[in-house]
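Work through the exercises below with the structure open. Each task is followed by a solution in steps.

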Amino acid sequence: MARFRTYNEVLEPTGAKVPEQVRAQLERLARRFSAIRHTVIVASGKGGVGKSAISANLAAALAAEGRRVGAADADLNGPSLARMLAASTAPLAVSPNGVAPAVGVAGVRVVSMDLLLAADAPVRWRDPGHAGFVWQSTLETGALREFLADVDWGALDLLIVDAPPGTDKLQRLLSLVPRPSAVLLVTTPSETARHVVARSISLLRAAGVPRLALAANMAGYRCPACGRTEPLFAADGARRLAAATGVPLWAELPFDPAIAASTDVGRPIVLEPAGSPAADALRALTRRLLTELREVDP
Ligand SMILES: Nc1ncnc2c1ncn2[C@@H]1O[C@H](COP(=O)(O)OP(=O)(O)OP(=O)(O)O)[C@@H](O)[C@H]1O
Ligand SMILES: [Mg+2]
């Protein structure tokens, strides 16, 4: 059976010099990352569990306390981070040092496919037609590498990377961000989420990521009428996952329509004054992250 060639085996006598370009980009990537103190990936494997909402809240909370924060939306097909952080949709400025990130709420520097596409336009990968799926993953990886390597992030205290759903995508992201300071795995109490996130944990452990943590999102719903908190899921999947794997559970975040409403309008709820249990829980998660990264005293 014919075998697909890797980048390094592609011979380009006419000039594209693919392997050299990729190598140069990877070198730029390494240089960029040397000016970033901590990269934190917010992932799951599971879709729709709140990765982007939590990424936006973490980034906003960190920036609001004066840290230099970048937010990279690694979800090329379903980009949502720019909107959640109210990053300007004006064309991104290009300088010799790369593309300037858009500036969002509290000064977060944001890059997202959303900033490059016209409203309502889907991402379309141009491919040769046959074996399009092979090209697609190559193009996606290339686009992501550009996102991270060709952006003039400047010096950052933290870069929050919002991962797309899918364990395979997580693996690809790790090939570009080989040494994240932490990977925060967002899950819900559901059993379905537990099974998917368990696979991500195996993958991340095999890749040697040093610091893994869990955040259980949508862990309960507080009835605004009676004030009682009720579980949203019948299961206790996040706690079971933490107990079975030894990955610490850093936060249990309530379901609160205000989280969705605030991210919808680009003003993450952590920017609101203390008092809302959801905002307080997200702020506590931010403190926990900083403590674990030894950026503040416990
Ligand atoms: N705790 C919560 N309470 C209420 N709404 C929430 C909560 N967490 C997330 N949401 C909302 O649920 C929706 C899905 O969340 P989000 O887009 O962050 O998930 P995701 O894991 O990033 O999804 P995808 O896998 O598609 O990237 C969003 O509208 C978000 O604002
Ligand atoms: Mg998302």
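**Exercise 1: Polar contacts of the ligand**

An oxygen atom of ligand 1 sits 3.0 Å from a polar backbone atom of valine 49. The model is predicted. Task: find what ligand 1 meets at aspartate 75 and at aspartate 256, then state how much of the ligand surface the protein buries.

Solution.
- Step 1. Take aspartate 75. An N or O atom in the side chain of aspartate 75 is 3.4 Å from an oxygen atom of ligand 1.
- Step 2. Take aspartate 256. Here a polar backbone atom is 3.0 Å from a nitrogen atom of ligand 1.
- Step 3. Turn to the surface. Ligand 1 taken alone exposes 630 Å², and the protein buries 80% of that.

**Exercise 2: The shell**

Task: describe the shell around ligand 1 by nearest residues, by class and by helix.

Solution.
- Step 1. Count the residues around ligand 1: there are 18. Gly48, Lys51, Ser52, Ala53 and Asn217 come nearest.
- Step 2. Sort the shell by class. Nine residues are nonpolar, six are polar and three are charged.
- Step 3. Look for helices. Helix H2 (51–64) and helix H8 (257–264) each give the shell at least two residues.

**Exercise 3: Two loop residues**

Task: decide whether valine 177 is buried or exposed, and do so for methionine 113 as well. Buried requires under 20% relative accessible area.

Solution.
- Step 1. Place valine 177. It lies in the loop between helix H5 (167–176) and strand E8 (182–187).
- Step 2. Apply the cut-off. Valine 177 has 1% relative accessibility, so it counts as buried.
- Step 3. List its touches beyond four places in sequence: Phe33, Thr39, Ile41 and Leu148. Isoleucine 41 is 136 residues from valine 177 in sequence, yet their C-alpha atoms are 8.9 Å apart.
- Step 4. Place methionine 113. Its loop runs between strand E6 (109–111) and helix H4 (132–149).
- Step 5. Apply the cut-off again. The relative accessible area of methionine 113 is 10%, so this residue is buried.
- Step 6. Check a distance. Methionine 113 and alanine 74 are 39 residues apart in sequence and 8.4 Å apart, C-alpha to C-alpha.

**Exercise 4: The whole chain**

Task: summarise the chain by its helices and strands, its burial and its contacts.

Solution.
- Step 1. Count elements: nine helices and twelve strands.
- Step 2. Read the burial. The chain has 298 residues, and 47% of them count as buried.
- Step 3. Read the contacts. Among those with a separation of 6 or more, 76% join residues 24 or more positions apart.
- Step 4. Add the surface. The accessible surface of the chain is about 14600 Å², with 55% from carbon and sulfur atoms.

Technical notes. Residues numbered from 1 in each chain as written. Chains lettered and ligands numbered in written order. Predicted model: local features only at pLDDT ≥ 70, side-chain atom pairs only at ≥ 80, totals over all residues. Heavy atoms only, no water. Helix = DSSP H or I, 4+ residues; strand = E, 2+ residues; numbered from the N terminus. Buried < 20%, exposed > 50% of the residue type's maximum accessible area, 1.4 Å probe, protein only. Contact = heavy atoms within 4.5 Å. Areas by Shrake-Rupley, 256 points an atom, 1.4 Å probe, with all protein chains shown as cover. Near = heavy atom within 4 Å. Polar contact = N/O pair within 3.5 Å; in protein donor to acceptor, adjacent residues only side chain to side chain. Nonpolar A, V, L, I, M, F, W, Y, C, P; charged D, E, K, R; others polar.
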